[in-house]
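Welcome! Here are some short exercises on a ligand and the spaces in a protein. Try each task before you read its solution.

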Amino acid sequence: MCGIFGYVGNRTAAPLLIEALRTLEYRGYDSAGIYVPQMGVIKAAGPIDNLAAKMPLELAGTSGIAHTRWATHGAPTEINAHPHSDMSGNIWIVHNGIIENYREIKEGLVMQGIRLVSETDTEVLAKLIGSLYRGSIAEAVHDALKHVRGTYGLAVMHEKEPGILVAARMGSPIVLGFGTDGNYISSDPAALLTHTKDVLFLEDGELAVVTKDSYEVRTIAGKVLTKQPETLAHDFEIVKKQGYAHFMEKEIFEAPEVIENTIRGRLLPEKGRAKLGGLESVVQEIATLHRLQIVGCGSAYYAGQVGRYMLEEFAGLPVEVELGSEYRYKKNYPDKKSALLAVSQSGETADTLASVREGKRLGLRTLGIINAVGSTIARETDAGVYNHAGPEVAVASTKAFISQLTVFALITLLIGRERGMKESEGKDIVVGLKTLPETLREVLALAPKLKEWAKEIATYDDAIFIGRKFHAPIAYEGALKLKEVTYIHAEAYAGGELKHGPIALLGEHFPVIALAPNDDVYEKMVSNIEEVKARQAPVYAFVTKGDVNVAAIAKRVIELPKVHPLLQPIVSTVPLHLLAYYVGVEKGYNVDRPRNLAKSVTVE
Ligand code: AGP
């Protein structure tokens with residue numbers, strides 16, 4: 001859950017490393033550091049600005065490694081910040097992941113009289129590499145990794161071999177980049193885009209030895225591999241704020257274009273069907289499944305929950321939704337006619353990846369809904385759908401979430417039409433999807449009203465979100481976003497669940513955000529809102545245009561357009577994302593870099 005970067009070439013390395021860390025900062029931002037042969041190591045606690053402020057005026061060296069951290073072992077201090085070194089101070093390492101057997105290795109090193117200065121697992125690896133160094137940094141890394149259990153994406157350099165960058169991968173992403181002025185390594189291709197689009201993704205168990213004009217990929221055991229670079233699709237422009245105050249704001253307002261990109265070339269209006277190239281090879285298999293298991297974490301898990309309602313309601317396919325961190329360790333009883341569908345924006349979330357591998361171990365067909373092109377889960381699943389939402393930079397997932405819901409609608413249409421959904425229903429859904437971008441532009445125009453709500457909601461310490469059926473998981477998503485970027489203690493419940501306990505919390509200082517679209521459980525939601533009102537809790541309700549019942553009892557209402565029930569959850573999500581954003585800004589927080597969080601959770 002850290003960001004690492006490396007460069008070896010002709011350019012002055014330090015400014016280039018700092019710039020890359022700024023792009024990677026969403027992966028972790030509690031401390032950072034760089035190492036440049038001939039210039040030395042510089043580290044700082046806190047965001048990249050603190051590190052940049054410590055750059056010397058005189059910069060030297062045309063190679064180096066860099067790291068931005070999300071602490072797992074040892075507090076976010078300067079001592080624990082990366083890079084870490086061996087005893088000689090010549091070997092430096094940056095690492096993303098967890099060395100699980102670092103305590104055993106440490107005991108052995110301490111017996112040899114080796115002293116450690118930090119609390120990190122990574123420094124143990126640096127000391128181990130140093131203890132095995134015999135003149136070749138690449139060989140020393142090879143030898144050391146044979147003793148290591150755990151996950152890593154790492155880069156290592158030696159003061160006396162400034163032209164050599166060694167990188168290795170086991171569980172945490174590493175991509176090589178090949179430029180005209182040198183070569184690069186990174187945790188994420190986004191940080192390479194200003195330099196090159198020619199990249200090569202390392203697989204688990206691979207190590208690369210990179211110089212300014214060559215690279216060699218080997219297995220950890222030492223076998224040389226022949227691997228060809230590929231060219232990335234998107235450009236750097238897309239990972240800039242483009243005039244918005246925050247990436248989160250930009251990514252919320254990108255909603256209409258995101259839907260257009262997600263559905264482009266995937267609808268057959270004349271047949272009322274969908275066409276998903278990445279699932280073509282398995283359509284009949286999925287259409288005849290007895291059951292589909294969806295797995296994801298955080299927002300992706302909630303998207304899976306909405307997907308379940310869609311597939312069960314409109315495609316007649318029984319679905320179970322599992323948390324990645326539970327599915328990977330619990331006893332699973334899949335029958336032969338079921339498949340596993342992983343949902344992930346980053347495609348690198350460790351618990352979701354491990355669940356895919358568990359699914360494979362159980363002999364299941366594994367599928368993916370993934371945003372990050374070329375990511376590990378995308379490469380390890382048998383088939384799947386890319387979101388085409390573009391790189392998502394803000395830690396709080398917004399555009400990827402609504403794109404995930406849109407892909408679920410496309411899969412529901414694809415499978416539903418194979419499982420008895422009428423052509424007319426299919427055509428209605430196609431029309432709904434094609435008009436959705438325009439509908440979302442209408443919803444985004446409600447921003448000023450949401451800003452007003454935000455001023456009020458920012459004054460509360462707690463909040464509860466409620467919704468029913470398709471909108472129960474949307475309530476969870478709304479609460480998650482408010483938690484992530486405002487630190488308000490927000491919870492969510494299916495509307496009917498309140499009276500079984502949570503209603504005890506309510507009172508005038510406990511606002512309830514209610515999702516009450518005019519759907520087949522609307523009446524039930526109205527009675528839930530009346531129960532809440534009866535406990536003096538201020539109700540902020542999202543209703544369908546022309547609603548009068550809820551408007552009569554709620555403190556505030558916002559009217560939303562009515563669309564096809566399959567797509568209504570997408571319309572209801574955008575204002576919740578905006579509300580969380582405005583409350584976070586109102587409270588003066590860094591909404592793009594919420595405390596204690598990171599964009600891609602690559603450790604468990
Ligand atoms: C959502 O805003 C959070 N960033 C987090 O819950 C996220 O959804 C979760 O970590 C899953 O990430 P993924 O989609 O990249 O797998």
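**Exercise 1. Which backbone contacts does the ligand have?**

How far is a nitrogen atom of the ligand from a polar backbone atom of Val-395?

Before solving, some ground rules: this is a predicted model, where local features need pLDDT of at least 70, side-chain atom pairs count only at pLDDT 80 or more, and totals for chains, interfaces and linings use all residues. Residues are numbered from 1 along each chain as its sequence is written, and side-chain values use heavy atoms, with hydrogens and water left out.

*Solution.*
- Step 1: The distance from the ligand nitrogen to the polar backbone atom of Val-395 is 2.9 Å, which falls under the polar contact definition (a pair of N or O atoms within 3.5 Å).
- Step 2: Turn to the oxygen atoms. One ligand oxygen is 2.7 Å from a polar backbone atom of Ser-397, and a ligand oxygen also lies 3.0 Å from a backbone N or O atom of Ser-299.
- Step 3: Now look at cover. On its own the ligand has 410 Å² of accessible area, and the protein covers 91% of it (Shrake-Rupley method, 1.4 Å probe).

**Exercise 2. Describe the shell around the ligand.**

*Solution.*
- Step 1: Collect the residues near the ligand (one heavy atom within 4 Å). There are 15, and the closest are Ser-344, Gln-345, Ser-346, Thr-349 and Glu-484.
- Step 2: Sort them by class: 6 are nonpolar, 7 polar and 2 charged. Gly counts as polar in this scheme.
- Step 3: Find the helices involved. H9 (298–314) and H16 (471–486) each supply at least two shell residues; helices are DSSP runs of H or I with at least four residues, and strands are E runs with at least two.

**Exercise 3. Place the ligand in a pocket and describe that pocket.**

*Solution.*
- Step 1: The ligand takes up the space of the second largest pocket. A pocket is an open set of points on a 1 Å grid, with protein on both sides within 12 Å along at least five of seven lines; a molecule sits in one if more than half of its atoms lie within 2 Å of its grid points.
- Step 2: The volume of this pocket is about 550 Å³, taken as the space filled by probe spheres set on the points.
- Step 3: Its lining (residues with an atom within 4 Å of a point) has 27 residues, with Cys-297, Gly-298, Ser-299, Lys-599 and Val-601 nearest the centre.
- Step 4: By class, the lining holds 13 nonpolar, 11 polar and 3 charged residues. Contributors of at least two residues each include strand E20 (338–344) and helix H11 (350–361).

**Exercise 4. Find the residue that links a cavity to a cis peptide bond.**

*Solution.*
- Step 1: The largest cavity (points where a 1.4 Å probe fits but cannot get out) has about 80 Å³ of space.
- Step 2: Among the residues nearest its centre is His-82.
- Step 3: A cis peptide bond, with omega about 0°, joins His-82 and Pro-83.

Definitions and conventions:
A polar contact is a pair of N or O atoms within 3.5 Å; within protein, one must be able to donate a hydrogen and the other to accept it, and residues adjacent in sequence count only if both atoms are side-chain atoms.
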